[in-house]
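Grab a pencil and work through these exercises with the model open beside you. Try each task before you read its solution.

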Amino acid sequence: MKKAKYIIKKMTAGLVKSCKKLKDVNLISRMVLIVAAVMMVVALGLVLFYKTPLHEVICNTEQHNVVEVKSGDTLSKILGNEGFSMRDIDTISKTLKTEANFTTLRAGRDKLDFIRPGENEPISKIVIINGPWNRVEIDCGVPGTWQCQKVEIERDTRIAYKEGEIKEGSSFYLAALEAGVPEGIVIDVYDLLAFEMDFERDIRAGQKFYVVYEENYNAETKVDNGSVLAVSFDALRGNVQMYRFVKPDGHVGYYDENGNGAIKSLKRTPINNAKITSSFAGRRKHPVLGFTRAHKGVDFRAPTGTPIPAAGAGRVIARSFNRGHGNFVKIRHNGTFETLYAHMSKFAKGVNVGSVVRQGQIIGYSGSTGLSTGPHLHYEVIKNGVHVNPMTVKLPAIDNLDAKNKPLFMEYKKGLEEKINILKSNPKQIVRLKDKEENKENKK
Ligand SMILES: [Zn+2]
């Protein structure tokens with residue numbers, strides 16, 4: 001710097017001297033000379049001041065060429081377009097397969113970054129960007145040889161807390177979006193609560209809810225959302241709470257505040273240990289009518305007066321009598337499933353059309369009313385309006401924590417609730433499920 005300043009000083013002095021000698025030259029020529037001299041000084045000064053950094057910038061200019069994988073693209077095709085020889089393409093494909101277990105590029109998601117150390121130099125590195133958290137780096141070592149490695153981008157997972165209330169005439173979906181819950185998370189919450197409530201019919205103004213979920217950051221940039229960590233919803237039958245919990249064996253589940261499986265489902269056999277006396281069948285000879293017709297449910301042996309529990313939480317949509325079913329109750333569980341219980345001797349108290357029932361709540365007692373040859377429960381499951389076999393229809397598993405995992409869950413829940421409380425009072429605070437150090441420990 002000192003040297004540069006000195007040079008400029010000297011040059012300026014010289015310029016003033018030369019100007020004095022140029023008295024005879026005409027004004028325009030003098031002006032041109034002065035401007036040229038000033039420009040020269042400025043240029044020289046700049047070069048001296050920025051000599052080192054400029055040099056570095058030029059030499060470190062890596063050339064990146066990012067190619068998006070489009071439908072119909074293959075690795076060979078893309079590498080060919082970049083000018084790789086068949087031999088190189090073959091080597092790179094094999095290296096990718098053996099060293100990174102990478103075989104297929106996905107159109108619309110993957111990108112390839114071709115890096116040259118400088119302009120007009122050969123490609124020295126290829127980075128396959130497959131998803132926001134994964135990279136495969138392929139380096140050229142000795143010309144013609146390639147090494148590759150998988151790189152996992154460090155994920156900074158933070159907890160987000162959003163609370164809201166259903167407004168008159170609104171839906172949970174709109175209320176959740178309004179509360180700032182991302183759409184993908186709202187859909188996950190729908191799935192979690194699917195057997196708890198009917199989102200079309202059981203929503204009322206004033207119902208409060210909160211959703212706690214993961215947000216994944218790369219440095220300070222939010223990249224995507226993770227899992228729903230907790231949900232609280234003021235349902236018609238009371239407050240419903242769910243917490244995501246990972247068992248030590250890695251199994252992930254959602255549990256209520258007491259550690260019971262929160263993903264409600266339908267019980268295939270409403271009465272425990274009841275023997276099946278007649279299975280679901282497309283066609284069978286009816287025992288009373290004598291002619292062949294479909295058996296749309298499953299019959300369970302149950303002496304008259306056996307309590308019949310609801311197979312899942314829901315709303316009673318029918319409590320009636322007809323010739324075939326005798327006394328029957330029909331429950332709508334959510335937008336998808338309904339169940340029907342027939343041949344009851346009597347209905348349980350307080351079970352009326354419109355009643356909201358819990359899973360396991362007694363809705364009536366077995367009998368032999370209607371077209372029946374003896375006391376039994378005839379149980380039907382209706383999925384999207386179609387009768388399905390209760391014993392084989394795909395249903396979410398009901399999963400309760402055992403004595404070993406329950407205390408672990410309760411401890412985890414306590415910690416999570418403390419974090420939720422921090423976010424309740426200050427939603428902008430950065431809160432993590434695990435401290436960063438802890439995260440690193442776990443990765444080791
Ligand atoms: Zn039957």
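**Exercise 1.** How many residues does H4 have, and what distance does it reach from its first C-alpha to its last?

*Solution.* Some ground rules come first. This is a predicted model, where local features need pLDDT of at least 70, side-chain atom pairs count only at pLDDT 80 or more, and totals for chains, interfaces and linings use all residues. Residues are numbered from 1 along each chain, in the order its sequence is written. Helices (DSSP runs of H or I, at least four residues) and strands (DSSP runs of E, at least two) are numbered from the N terminus.

Step 1: H4 has 15 residues. Step 2: its reach is 21 Å, close to the 21 Å expected at 1.5 Å a residue; the expected span is 1.5 Å times one less than the number of residues. Step 3: look just past the end of H4, where Asn101 takes a positive phi of about 55 degrees.

**Exercise 2.** Work out the order of the strands in the open sheet that starts with S1, and find its edges.

*Solution.* Step 1: strands pair if DSSP finds at least two bridges between them. Here five strands line up as S1-S2-S3-S4-S5, with antiparallel pairing. Step 2: strand S1 (63–68) and strand S5 (146–152) each have a single partner strand, so one side of each has no neighbour in the sheet. Step 3: from one strand to the next, the twist averages 20 degrees. Angles run from 0 to 180 degrees between N-to-C directions, using axes fitted to C-alpha atoms (for helices, over the stretch in contact).

**Exercise 3.** Which residues stand opposite Ile138 in the sheet?

*Solution.* Step 1: take the S5 side. Seven bridges join S4 (residues 134–140) to S5, and Ile138 stands opposite Cys148 there. Next door along the chain, Glu137 has Gln149 as its bridge partner in S5. Step 2: take the S3 side. S3 (residues 125–129) and S4 pair over five bridges, and Ile126 stands opposite Ile138. Step 3: check the turns. The S3 and S4 hairpin has four residues between the strands, and Gly131 takes a positive phi near 90 degrees. The S4 and S5 hairpin has five residues in between, and Gly144 in the turn has a positive phi of about 95 degrees. Step 4: add the helix. H4 (residues 86–100) lies across S4 and S5, at about 45 degrees to S5.

**Exercise 4.** Is Ala403 buried or exposed?

*Solution.* Step 1: find Ala403 in the loop between strand S22 (386–388) and helix H7 (405–425). Step 2: recall the cut-offs, with C-beta atoms placed from the backbone: buried means 20 or more other C-beta atoms within 10 Å, exposed means 12 or fewer, and partly exposed is in between. Step 3: Ala403 is exposed, because 6 other C-beta atoms lie within 10 Å. Step 4: compare with the whole chain, where 24% of the 444 residues count as buried.

**Exercise 5.** Where is the pLDDT below 50?

*Solution.* Step 1: pLDDT is the predictor's confidence in each residue, from 0 to 100. The chain has a mean of 84, and 84% of its residues reach 70 or more. Step 2: residues 52–57 fall below 50, and this stretch has zero contacts (C-beta atoms, placed from the backbone, within 7 Å) beyond near neighbours in sequence. Step 3: residues 438–444 are also below 50, with one contact beyond near neighbours in sequence.

Technical notes: Two residues are in contact if their C-beta atoms, placed from the backbone, lie within 7 Å.
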